[in-house]
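The following exercises concern ring pairs, charged pairs and accessibility in a single protein chain. Please work through each task before reading its solution.

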Amino acid sequence: MKKIEAIIRKTKFDEVKEALLDADIEWFSYFDVRGVGKTRQERIYRGVVYDTSFIERTMLTIVVRDINAERTIQAILSKAQTGEIGDGRIFVTTIDDSIRIRTGEHGDKSLYDSDENVK
């Protein structure tokens with residue numbers, strides 16, 4: 001199993017979500033995050049200096065079977081990429097185990113309701 005964490009532009013979230021659903025990735029978590037990038041910038045508005053180096057982004061966390069990892073990554077890349085600085089990052093890590101709390105199932109079985117839904 002793989003854990004895919006993607007930090008993307010907030011404006012691209014809806015497009016990425018639809019691409020993931022089209023790729024049959026139907027479960028993921030997301031939340032708003034802030035980060036600091038390489039670019040430092042200050043803006044002056046009515047004589048007050050504002051630091052705009054904090055970047056608001058959305059972070060997606062998705063755990064998938066190994067066979068679905070590349071499809072998930074490509075779905076994110078296809079919609080999140082603008083080619084400009086600040087598009088974000090994708091991190092992929094290996095998950096040793098997953099346990100469904102309700103049934104106690106381990107591994108791949110804990111990610112889906114039945115083998116009929118395996119893709």
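**Exercise 1.** In this predicted model, determine whether R100 is buried or exposed, and identify the salt bridge in which the side chains of R100 and E105 meet.

*Solution.*
Step 1. The relative accessible area of R100 is 12%. Buried means under 20%, so R100 is buried.
Step 2. The side chains of R100 and E105 meet in a salt bridge, with 3.4 Å from N to O. The cut-off for such a contact is 4 Å, and the value of 3.4 Å satisfies the criterion.
Step 3. E105 has a relative accessibility of 28% and therefore counts as partly exposed. The bridge thus joins a buried arginine, R100, to a partly exposed partner, E105.

**Exercise 2.** State how many salt bridges a search of the whole structure finds, and explain which parts of the chain the pair of R9 and D87 ties together.

*Solution.*
Step 1. Seven salt bridges are found when the whole structure is searched.
Step 2. One of them is formed by R9 and D87, whose closest N and O atoms are 3.0 Å apart.
Step 3. R9 belongs to strand 1 (residues 2-9), while D87 is in the loop between helix 2 (66-80) and strand 6; the pair therefore ties together parts 78 residues apart in sequence.
Step 4. As for accessibility, both R9 and D87 are buried.

**Exercise 3.** Locate K10 and E56 in the chain, classify each by its accessibility, and name the network of salt bridges that includes them.

*Solution.*
Step 1. The closest N and O atoms of K10 and E56 are 3.6 Å apart, and the two residues form a salt bridge.
Step 2. K10 is in the loop between strand 1 and helix 1, and E56 is in strand 5 (residues 54-64); the pair links distant parts of the chain, 46 residues apart.
Step 3. K10 has a relative accessible area of 36% and is partly exposed. E56, at 39% relative accessibility, also counts as partly exposed.
Step 4. K10 and E56 are linked with D32 and R34 in a network of salt bridges.

**Exercise 4.** Characterise the two aromatic pairs of the structure and identify the cluster that F13, F28 and Y30 form.

*Solution.*
Step 1. A pair of aromatic rings is described by the distance of the centres and the angle of the planes.
Step 2. For F13 and Y30, the centres are 4.5 Å apart and the planes are at 40 degrees, a tilted pair. F13 lies in helix 1 (residues 13-22) and Y30 in strand 2 (residues 29-36), so this contact ties together parts 17 residues apart in sequence.
Step 3. For F28 and Y30, the ring centres are 6.4 Å apart and the planes are at 50 degrees, so this pair is tilted as well.
Step 4. F13 is buried at 11% relative accessibility, and F28 is buried at 16%, whereas Y30 is partly exposed at 47%.
Step 5. Y30 takes part in the pair with F13 and in the pair with F28; F13, F28 and Y30 form one aromatic cluster.

**Exercise 5.** Describe where D96 lies and how far D96 is from K2 in sequence and in space.

*Solution.*
Step 1. D96 is found in the segment after strand 6 (88-94).
Step 2. Its relative accessibility of 76% means that D96 counts as exposed.
Step 3. D96 and K2 are 94 residues apart in sequence, and their C-alpha atoms are 8.7 Å apart in space.

Definitions and conventions. Residues are numbered from 1 along each chain as its sequence is written. This is a predicted model: local features need pLDDT of at least 70, side-chain atom pairs count only at pLDDT 80 or more; totals for chains, interfaces and linings use all residues. Side-chain values use heavy atoms; hydrogens and water are left out. Rings of Phe, Tyr and Trp (its six-membered ring) pair if their centres lie within 6.5 Å; planes under 30 degrees apart count as stacked, over 60 as edge-to-face and the rest as tilted. Helices (H or I, at least four residues) and strands (E, at least two) are DSSP runs, numbered from the N terminus. Buried means under 20% relative accessible area, exposed over 50%, partly exposed in between (1.4 Å probe, protein chains only).
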